[in-house]
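Please open the model in your viewer and keep the selection panel at hand. The tour below moves from one selection to the next and says what is there at each stop.

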Amino acid sequence: MAKITRRKFIKDVAVGSAAVAGAMAAPGVVRKAYTQKPKLSVAMWNHWVPGATDVLKAVADEWAKKNKVDLRIDFIGPSSTEMLTVASAEARAGTGHDIIALTTFDGLFFMDKFEPLDDVADYVQGKYGKYDEVSTYISHVDGRWVTVPSPTGSHSYPMVTRKDMWREYAGIDVEDIFPPDVRKRDPKKVDAYNYDAFLEACKKVAKAGHMYGNPLSECSDADDWACPLFLSFGSIPVDEKGNITIESDETLEALEYMKELAQYMPKEIYGWDDASNNRWIISGKGSAIQNPPSAWAVAKRTRPDVAAQLWHHDTPRGPKGRFRGCLFFTYGLWKWCKDKKMAKEYLKYMLESAQQWKILAAAQGYDMPQLKPMYSHPVWEEIGPPKGGQYNYIRRGDEHLIVGGWPAHPLIGAQIYRKYLIPVMAAKVTTGEMTPKEAMKWCARELEEVIE
Amino acid sequence: MAISASTVNRRRHPTLLSRLRSRRYAAYWMVLPLVLVVIGLVVYPFFYSIYLSLENKKETKFVGLRNYQRLIRYGTFWLVVGNSFRFTLTAVFFKATLGLVLAIILNNLPFRGQRVWRGVSLIPWVMPLALSSLGWWWIFEPTHSAVNWVLVQCGITGKPWLSDPTWARVSTIVTNIWFGTPFFMIMYLAGLKSIPQSLYEAAEIDGAGATQRFRYVTFPMLRKLIAITVMFSTIVTFANFDIVRILTRGGPRYTTHLFGTYAFNIGIETGHLPRGAAIALFMFPVLGIAAFFILRNIARGEE
């Protein structure tokens, strides 16, 4: 047997490795030559509604097949923070997906790295009319569409009321005030549903042992009910020009109101997270929360008796109007995308009514469109029980949809929203840690830190 | 055999390749991959974060120490500083004490039982922290807390574990103690095993009781180990993120935010990465001092 020297061994291994590598690469080269398609990758929010993601993927795949595109969709989440972390990493690395879905203000953090989407927004608005005010606020910044609104995952925070409990204990029939047909609303009854009436009702349901509950803590659900409440009293943290305006009579009034309201809310709200109010109403202890229909959807599976009594409807009216919080998703297109034209075509296709119709149905009413023609989708009328209980999840009356931080510049708004300044300020007062004036001063100091 | 002049020259002046191949350099080659990993994952990010912290929000302008100056002017930042020290000092003290007690108990168990208990008591440390924090969150959950349910069954009023600042701090510290105690225990147990039995026998002959044996034999022999473990744990605890993020997200009213969670909130969630980097870098002096003492103790131990 021939002696194997070290040199011979290395030589043989090198030759063998090269042969194996060549053999492995050859089919790839051949395959590539035959099937070279343009590639597009999308980072999409992983919908919590079972089946919603499959429908979205099927709709997207239809486009990919028709246009001979190698489309890859990565579903991330459902935590939106996960999406933000992915976007931060991709922005820093300068590579990653071509399109990414992000919530509220998050897309604006990467505005210098996103391709303007004016042509996509113009195309969609040309077909279906103007986007709503809040979508324009978070996507159209410094004169351009940094992102475009995406209905998938977008949701708002209406009242979710146990209609049986409120009828029995508070004498308020929310189904009668907000029927599943906007034409049947009695303007007088709607007008009378204001924060004073709401407080009185909260006292009564609390006395019966079924409190209204929402978080006053460091979570977005806290922002999404507290910020609209403050706005409905006219309290604005920072105005459009960047002036800090939190120290006002309006804020004082809102804080005094909160102080009273919190007496009729559970003491644990200061430690609640985004899902705590859902659990509160599903457990049967709570009589009202503010939330998208996710609480209802879980109750339908686990407590159908509770789900059948949940009615989604408008928020109470304050001295300065009726405001409802929302958490909208947007699409951003990274500048490093090699085929931007194709990516924009994909976005246009996905945002068209025909595709959205299927996706909205699959989301079982959770997703909220930002264009009025899509409000006529039958899902919110049909889904139940109770039938019509989600009709008013879509804005039907005089409410203003807003996101915490409005009307400040969205990049300032983002910090107000994500530092949870309004709910934390309110909690400082309602727990007795500070007087309303001290809390306003504290908030003003925090806002100074926010504005550069 | 004749040796040519060129061969002699080559031997006198070895080539670069032959030098690198020599045994003297082998160690450097072997360490190189690790050095590259440390440079790529520790040194570069560290200097990059310093650079980042000196920029404006859009990362387009050098602003010097402005991010640091702005931070120290606000009460919330000092609240975070206080929280971090309170969290670290309390958690490390209890972890070290409980770890020592457990190690002594385990060391006195019969050998067979000792193996089982040693394995069982390591479970909290082996489990991923994020997962065990979720378990603790379920225990402390504000409205449907498992521990409160037990307390109520025993006729005791439930506590606002995550909704009151004091109790929320207690909850985060308890979770950290639960996770970190096994580390101390296993280190101390190893230390106890290495103490020669003859020292205890000599102490016993001299009439030393259990307390005296601990004071004059066990403790002095473990002193260096205690110092190293305490310092090491201080670094890890001070930089904690998972527990607070999962249990309280920094609440209620920012009272449980640590440097790590506050840096994440400002840097990632509000999109101000330079300021987030500045917050995280405030940890550096504390961690640097702790690291200095660790290294000094190790060096002294070697002497």
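Begin by selecting Met159(A) together with Gln290(A), its bridge partner in strand 8 of chain A, and bear in mind throughout that this is a predicted model.

Now widen the selection to the two strands concerned: strand 7 (residues 159–162) and strand 8 of chain A run antiparallel and are joined by three bridges. Adding strand 9 completes an open sheet of three strands, which are ordered 8-7-9 in chain A and paired in antiparallel fashion. Strand 8 (288–290) and strand 9 (310–313) of chain A are the edge strands, each having a single partner strand, so one side of each is left without a neighbour in the sheet. If you look along the sheet, neighbouring strands are turned against each other by 20° on average, with direction ignored.

Next, select residues 163–170 of chain A, which form helix 6. This helix lies across strand 7, strand 8 and strand 9 of chain A, and the angle at which helix 6 runs to strand 7 is about 65°.

From here, move to helix 10 of chain A by selecting residues 220–232. Is this helix enclosed by the rest of the structure or left open? Of the 13 residues of helix 10 of chain A, 13 are buried, so the helix is largely enclosed by the rest of the structure. From its first C-alpha to its last, helix 10 reaches 18 Å, close to the 18 Å expected at 1.5 Å a residue. Extend the selection to Gly234(A), which follows helix 10 of chain A and has a positive phi, near 90°.

Then colour chain A by its domain assignment, which gives domain 1 as 39–155 + 327–380 and domain 2 as 161–325 + 392–450. The C-alpha centres of these two domains of chain A lie 28 Å apart, and 17 residues of domain 1 are in contact with 17 residues of domain 2. On the domain 1 side of this boundary, helix 5 (residues 133–139) of chain A supplies the largest share, three residues. That side of domain 1 divides into twelve nonpolar residues, four polar ones and one charged.

Finally, zoom out to the whole of chain A, which holds 20 helices and eleven strands and whose C-alpha atoms fill a box of roughly 95 × 50 × 50 Å along the principal axes. Of its 452 residues, 50% are buried, and among contacts between residues at least 6 apart in sequence, 76% join residues at least 24 apart.

Note on methods
Residues are numbered from 1 along each chain as its sequence is written. Chains are lettered from A and ligands numbered from 1 in the order in which they are written. This is a predicted model: local features need pLDDT of at least 70, side-chain atom pairs count only at pLDDT 80 or more; totals for chains, interfaces and linings use all residues. Helices (H or I, at least four residues) and strands (E, at least two) are DSSP runs, numbered from the N terminus. A residue is buried if 20 or more other C-beta atoms lie within 10 Å of its own, exposed if 12 or fewer, and partly exposed in between; C-beta atoms are placed from the backbone. Two residues are in contact if their C-beta atoms, placed from the backbone, lie within 7 Å. Domain bounds come from an automatic or database domain assignment. Ala, Val, Leu, Ile, Met, Phe, Trp, Tyr, Cys and Pro count as nonpolar, Asp, Glu, Lys and Arg as charged, and the others, Gly among them, as polar. The expected span of a helix is 1.5 Å times one less than its number of residues. Two strands pair if DSSP finds at least two bridges between them. Axes are lines fitted to C-alpha atoms, for helices over the stretch in contact, and angles run from 0 to 180 degrees between N-to-C directions.
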